[in-house]
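Could you walk me through this structure in my viewer, one selection at a time? I am new to it and would like to know what to click on next and what I will find there.

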Amino acid sequence: MIATFQYENSGPSQEVEWYSDPEEEDELHSLNGSGFEKEIEAPKHPYFKEDSNMKTMQLTVGLKFKSAQQFRETLRDYCVRNAFDLHYIRNENARITTKCKNETCNLRIHASPIQEGTTFQINIVIGEHTYARSYVSKLAKAKYLGNRVEKVIRDNLNVPVSTLKNPIMRKCNVDASKWKVIRAKRAALQKIQGVDSE
C-alpha cells in the first residue's frame, strides 16, 4: 500500500510517499467483546468502622471518616492505645496535620475534607512510629478514660480508685495518676447517672 502525504511548511508544499506492507503490519483489533469493556473503577476507600479493633487497626491513606471530629477522636484513641503522643501542626476544619511528639520519630499524618463536604479522608501518612512506647499520654484525658472504663464502673458504682488503675492500663495502655483516675471515675459516673436519669 502506497500513500501520499503533503506537508505544508513555510516553503513550497512537498509530497512524500509512504509505503506500507499489510503483511508486515501488526493488526489492530477492537476490544469490544473481548472482556475489556468493563470500566476501570477508581479504588474505593473504606469508611472507618466504629467497632474496629484499634490495637490492630492501621491508619492508611484513603481511610474515610464521617467528620473531622470523628477523625480526631479516632486518632486520639489510636495513639493512646498504641502508646505514643501526637503534636497537632494544623487542627482546623479544613485540614488536620499531626506528627509524633518525639523528635526522632518521622510519623506524620494529614487529613482533609473531600469536595467541600464533611467527610474527612487521610491524604498522607509519612513514616512509621519507630520509638519505644510511652505509657504516659497527654491525649488520655479524664473523659476519654472514663468512657473506656464506663462498663467497669457501671457494674460497680463504688469501685475503688486503686482498682480502676488496672482496667485503665489494660484497656488504654496508660499509667494514669491517682488524680486522673479520680477525674475519670467522676466523668463516667456523670455519664452513667445522666443516661439513667433520662
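Start by selecting Leu59. Leaving out residues up to four places away in sequence, Leu59 touches Phe65, Leu75, Tyr78, Ile109, Ile122 and Val125. Keep in mind as you look around that this is a predicted model.

Now widen the selection to what surrounds Leu59. Leu59 is among the residues with the most contacts inside the largest nonpolar core, a group of 38 residues. The others with the most contacts there are Phe65, Phe71, Ile122, Leu145 and Ile153. Which elements supply at least two residues each of this core? They are helix H1 (68–81), strand S5 (96–100), strand S6, strand S7 (120–126), helix H2 (142–148), helix H4 (161–172) and helix H5 (178–197). If you want to colour one of them, try H1, which gives the largest share of the core, six residues.

**The aromatic rings**

Stay in the core and show the side chains of Phe65 and Phe71. Both Phe65 and Phe71 are buried. The whole structure holds three aromatic pairs. In the pair made by Phe65 and Phe71, the ring centres are 5.1 Å apart and the planes stand at 65 degrees, so this pair is edge-to-face. Add Phe120 to the selection, and you have one aromatic cluster made of Phe65, Phe71 and Phe120.

For another ring, go to Trp179. Lys178 lies over the face of Trp179, at 5.5 Å from the ring centre.

**Along strand S6**

Next, select strand S6, residues 108–113. Confidence in the chain is highest in this strand, at a mean pLDDT of 92.

Click on His110, which has its place in S6. Is His110 buried or exposed? His110 counts as buried, because its relative accessibility is 19% and the cut-off for buried is under 20%. Show its side chain together with that of Thr97: the two make a polar contact at 2.6 Å. Apart from residues up to four places away in sequence, His110 touches Arg95, Ile96, Thr97, Gln121, Ile122, Asn123 and Ile124.

In the same strand, S6, select Arg108. Arg108 is partly exposed, with a relative accessible area of 36%. Setting aside neighbours within four places in sequence, Arg108 is in contact with Ile89, Thr97, Thr98, Lys99, Ile124, Val125 and Ile126. Try a distance label on one of these: the C-alpha atoms of Arg108 and Ile89 are separated by 9.7 Å, and the two residues are 19 apart along the chain.

**Three stops in the loops**

Move on to Gly127, in the loop between S7 and H2. Gly127 counts as partly exposed, at 32% relative accessibility. Beyond residues up to four places away in sequence, Gly127 touches Asn106 and Leu107. Place a label between Gly127 and Lys99 as well: from C-alpha to C-alpha they are 9.9 Å apart, with their positions 28 residues apart in sequence.

Then select Ala83, which you will find in the loop between H1 and strand S4 (86–91). What is the phi of Ala83? Ala83 has a positive phi of about 60 degrees, although it is not a glycine. Ala83 is also buried, with a relative accessible area of 1%.

The last loop stop is Asn173, between H4 and H5. Phi of Asn173 is near 60 degrees, again a positive value in a residue other than glycine. Asn173 is buried too, at a relative accessible area of 12%.

**Stepping back**

Now show the whole chain as a cartoon. How many helices and strands are there? The chain has five helices and seven strands. Followed from the N terminus, the elements run β-β-β-α-β-β-β-β-α-α-α-α. Of the 198 residues, 33% count as buried. Among contacts between residues at least 6 apart in sequence, 46% join residues at least 24 apart.

Finish by colouring the chain by confidence. The mean pLDDT is 78, and 74% of the residues reach 70 or more. Where is confidence lowest? Look at strand S1 (residues 2–7), with a mean of 52. Where pLDDT is low, the predicted coordinates should not be read in detail.

Technical notes:
Residues numbered from 1 in each chain as written. Predicted model: local features only at pLDDT ≥ 70, side-chain atom pairs only at ≥ 80, totals over all residues. Heavy atoms only, no water. pLDDT = per-residue confidence, 0-100. Helix = DSSP H or I, 4+ residues; strand = E, 2+ residues; numbered from the N terminus. Buried < 20%, exposed > 50% of the residue type's maximum accessible area, 1.4 Å probe, protein only. Polar contact = N/O pair within 3.5 Å; in protein donor to acceptor, adjacent residues only side chain to side chain. Contact = heavy atoms within 4.5 Å. Core = buried A, V, L, I, M, F, W, Y, C linked by side-chain atoms within 4.5 Å. Phe/Tyr/Trp six-rings, centres within 6.5 Å; stacked < 30°, edge-to-face > 60°. Lys NZ or Arg CZ within 6 Å of the ring centre and 35° of its normal.
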